[in-house]
Amino acid sequence: MNRKRLTAMVLSGVLAASMAVTGTAAEDQVTITVSLWDEIQSVVYQQLIDNFEEQNPNIHVEMQLTPWDQYWTKFDASAGANQAADVFFMNVSVPKYAEAGILEPLDDYMEKSGFDLSLYAPSVVESSTYNGVHYAVPKGTDSLAVIVNSALFEKYGVTEPENGWTWDDMLTVCGELKTAIEAAGDSIYPMDFILNSANGAWEPVIYEFGGQLFNEDGTSALASDEAVAGIQALVDMIDEGYIPDYQTISDTAAEELFISGQTCMLYLPTFSAQKVEQAEMENVKLIQIPAAKSQDFLASTMHYGMNAASEHKDEAWKFLEYLAGEEANDIIGKSGIDLPARLSSQEYYGASFTKFDGQAFVDVIPSAKPAEMGPAYALDEIGSIMNEQIIEIFNKNVEVKEGLEQMAADINAAIEAGK
């Protein structure tokens, strides 16, 4: 056999083998889906997907992006038809979807892989469980701080607040600002709260005043003296003209009022931080929230869940492990899209902002308390009761104590009816 013929045969064999391997790889590749609700975050998550696929060439990940205001409607419909994504963003509704059998229990996966939950913020870990079972892996946590427009403080000649201030200090600062604002003939507000967001304003304040949402026996704690004191403090600030009323915030978002210079300070949750970061603002700073009885606040938490009906659970778990790992959390923290649940990655989040130092968000995490949701079967009704009746209170259609007592009674009735 001549050399050319032999070479041709060898090359042909190599090519055939290569095609066979390639074909086998393509045939063996598994496609999983991941659903998320945030367009800003989706850019970073595509980077994470690309990194994961490079490290796991046998797994292809398709992203399904649904805006927040449509996410849960679509999720409920697809989950009900056993067509939900293999992996998905999950918030504090873990109990609801665990009870419904939609979330895959993850304890066995965690045990086999040596998944270390001590690496994550305790509030996130706690809210990922239901009846003692882990149904999600940690994604991130909301935090809360106060963003200050230093330029307005300079304009009105009022000393800026610093870390370590109290609720009474805040009221004093608001009073000084209001006096100076009125003397200048202006009509802006000293402070602002996102009153139309439970976890962005009034629920955290209840915790600052020593209250909570639910008692140890599972009943509503919203009629407690502490809860009443927290909500009354907000209503008093509306009455004093220190903060805009509920209707004003409903008409124009609190973040927009701050960005446009209509308020001097804003209670800023991390889920709104990018609005300020991306605005054309200069000379702003972030400080820790003031302490009332304490600096405790309620923090909404985010997780990644696995579809219990997934046909590719091993691959889905591998992707969950990557998302919860150090590489992914560091990338998320550095991007500033979320405050990572992984403790070692949180430092990157604080330094990710260019308009202000975000370290205050990180420093108060030890004071974060996990979100309380009540029984899984009553979550939707409890949410509706809270949302409808807090509006009545903030609009002064009912006194604070009376309104919270009614809210607690209605929540307890909903809980009892579902037993």
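Modeller: Two strands are said to pair if DSSP finds at least two bridges between them. The model discussed here is predicted.

Biologist: What makes β6 and β11 a pair?

Modeller: Four bridges join β6 to β11, residues 301-306. The definition asks for at least two bridges, so these strands count as paired. They run antiparallel, and one of the partnerships links Pro138 with His303 in β11.

Biologist: To which sheet do these strands belong, and what is its order?

Modeller: They belong to an open sheet of five strands, ordered β2-β1-β3-β11-β6, with mixed pairing.

Biologist: Why are β2 and β6 called edge strands?

Modeller: Both β2 (59-65) and β6 (137-141) pair on one side only, and therefore they are the edge strands.

Biologist: How do you know that helix α2 packs on the sheet?

Modeller: Contact requires heavy atoms within 4.5 Å. Helix α2, residues 39-55, touches β1 (30-36), β2, β3 (87-90), β6 and β11, so it is described as packing on the sheet. The direction of α2 makes about 175 degrees with that of β2.

Biologist: Which strands does helix α14 touch?

Modeller: Helix α14, residues 313-324, also packs on the sheet and touches β1, β2, β3, β6 and β11. Its direction makes about 155 degrees with that of β11.

Biologist: Why is the span of helix α10 called close to the expected one?

Modeller: Helix α10, residues 225-240, has 16 residues and reaches 22 Å from its first C-alpha to its last. The expected span at 1.5 Å a residue is 22 Å, so the two values agree closely.

Definitions and conventions. Residues are numbered from 1 along each chain as its sequence is written. This is a predicted model: local features need pLDDT of at least 70, side-chain atom pairs count only at pLDDT 80 or more; totals for chains, interfaces and linings use all residues. Side-chain values use heavy atoms; hydrogens and water are left out. Axes are lines fitted to C-alpha atoms, for helices over the stretch in contact, and angles run from 0 to 180 degrees between N-to-C directions.
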